[in-house]
Amino acid sequence: MMRDALLADLLALADLQIVLTSDTRVTCPYAEVEVLWVNDDPWNIWEAAMQGVDAVWLIAPETDGILLRLTLMAEKLGKRVLGNPGSAIQIASSKSATLRLLSDAGLTVVPTLNKETLTAERFIPLVTKPDDGAGAEETYYFEDWPSYADWIKDHASHTVQAYVQGEAASLSMLCLHGRAWLLSCNRQAISLKQQGAYAGFAYAGSVLNGMAAHWQAFAELAQGVAQAMPDLAGYVGVDVIVSATGALHILEVNPRLTTSYVGLQAATGLNPARLIMDLFYNPDFSLPPINRHLVEVSTHV
């Protein structure tokens, strides 16, 4: 969905030649795009494709260092990366490192707990997740100590956070040189489901501008994140929990396209790929007036 939305936006621009790498099992709906089909180890193909272009736009998860490795490959080849640099991705790929940095900058974050000092007596509902995870994968909820203690024995590398009651939300923004431009305030469709012996979270999409009532608070948060992480560049997503009082608690920073990108053109009335290209190539970039339409993006197939 993200790939096809980005391709549609790029094809609406003039004078671009687009080369796409794609798994042989995933069709490309655009005949105008040159497709390099991949059916074995893709890393050599990705490197060869990067060598033949002027700019690289990556859609990849932080998981297992994939996004960072691809970005460093492009940077080593001297290519313009239309997204976050390796320096920003290295920090943002670690949820715990990101939250420490943002907390030190005075922003409110979801508390990360010390597994070594955690005890049943002080137990509160907990959330565990991979430190470099994406899309709520392997993210579990525990409200009783025996279940958590049994689970963590085999998952010692996972990050443990306090469970903050509130509404799951995100913001979509552009960043460059410590500045931020807010594009949308989104309500996320996050549900808690039984996954085997444990309860886990599942992500099913978002409603862009479903949280537009909090626009000013989201805009201030966006600027705070950009100032604390000045290497962020291009499109950035930030996941937050909005408490009953309206306080925003940062969960993570996504240094890449997120699913919300799929609905951005309909939500803003502008071509987001054009905005991002302008951000990188126009030193006098300014964000035109944008709409705040409600747009639902569902990951259900």
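Helices, of type H or I with at least four residues, and strands, of type E with at least two, are DSSP runs numbered from the N terminus. The legends below refer to a predicted model.

**View 1. The whole protein chain, with nine helices and 13 strands.** The C-alpha trace spans about 65 × 45 × 35 Å along its principal axes. The radius of gyration is 20 Å, which agrees with the value near 19 Å that a compact globule of 301 residues would have. Of the 301 residues, 50% count as buried, and among contacts between residues at least 6 apart in sequence, 62% join residues at least 24 apart.

**View 2. The surface and the charged side chains of the protein chain.** The accessible surface comes to about 14,600 Å², and 51% of this area belongs to carbon and sulfur atoms. The protein chain carries 18 positive and 32 negative side chains, and the centres of these two sets lie 2 Å apart.

**View 3. A60 in the loop between strand β3 and helix α3.** This loop runs between β3, residues 55-56, and α3, residues 66-76. A60 has a relative accessibility of 9% and therefore counts as buried, the cut-off being under 20%. Once its neighbours within four places in sequence are left aside, A60 is in contact with I66, L67, L70 and R256. The C-alpha atoms of A60 and T71, which stand 11 residues apart along the chain, are separated by 9.8 Å.

**View 4. R256 in the loop between strand β12 and helix α8.** The contact partner R256 of the previous view lies in the loop that follows β12, residues 248-254, and precedes α8, residues 264-268. R256 counts as buried because its relative accessibility is 13%. The side chain of R256 is joined to the side chain of E62 by a polar contact of 2.6 Å. When neighbours within four places in sequence are set aside, the residues in contact with R256 include A60, P61 and E62, as well as L67, N84 and A134. Also among the contacts of R256 are Y235, V236 and G237.

**View 5. Helix α1 and the elements against which its buried residues pack.** Helix α1 covers residues 2-11, and its buried residues are R3, A5, L6, L7, D9 and L10. An α-helix has 3.6 residues a turn, so residues three or four places apart point the same way. The buried residues of α1 pack against strand β1, residues 19-23, and against two helices, α8 and α9, the latter formed by residues 272-281.

Definitions and conventions. Residues are numbered from 1 along each chain as its sequence is written. This is a predicted model: local features need pLDDT of at least 70, side-chain atom pairs count only at pLDDT 80 or more; totals for chains, interfaces and linings use all residues. Side-chain values use heavy atoms; hydrogens and water are left out. The radius of gyration is taken over C-alpha atoms; the globule rule is 2.2 Å times the number of residues to the power 0.38. Buried means under 20% relative accessible area, exposed over 50%, partly exposed in between (1.4 Å probe, protein chains only). Contact means heavy atoms within 4.5 Å. Accessible areas come from the Shrake-Rupley method with a 1.4 Å probe; for residues, only the protein chains shown count as cover. Lys and Arg count as positive and Asp and Glu as negative; His and the chain ends are not counted. The place of a charge is taken as NZ of Lys, CZ of Arg, CG of Asp or CD of Glu. A polar contact is a pair of N or O atoms within 3.5 Å; within protein, one must be able to donate a hydrogen and the other to accept it, and residues adjacent in sequence count only if both atoms are side-chain atoms.
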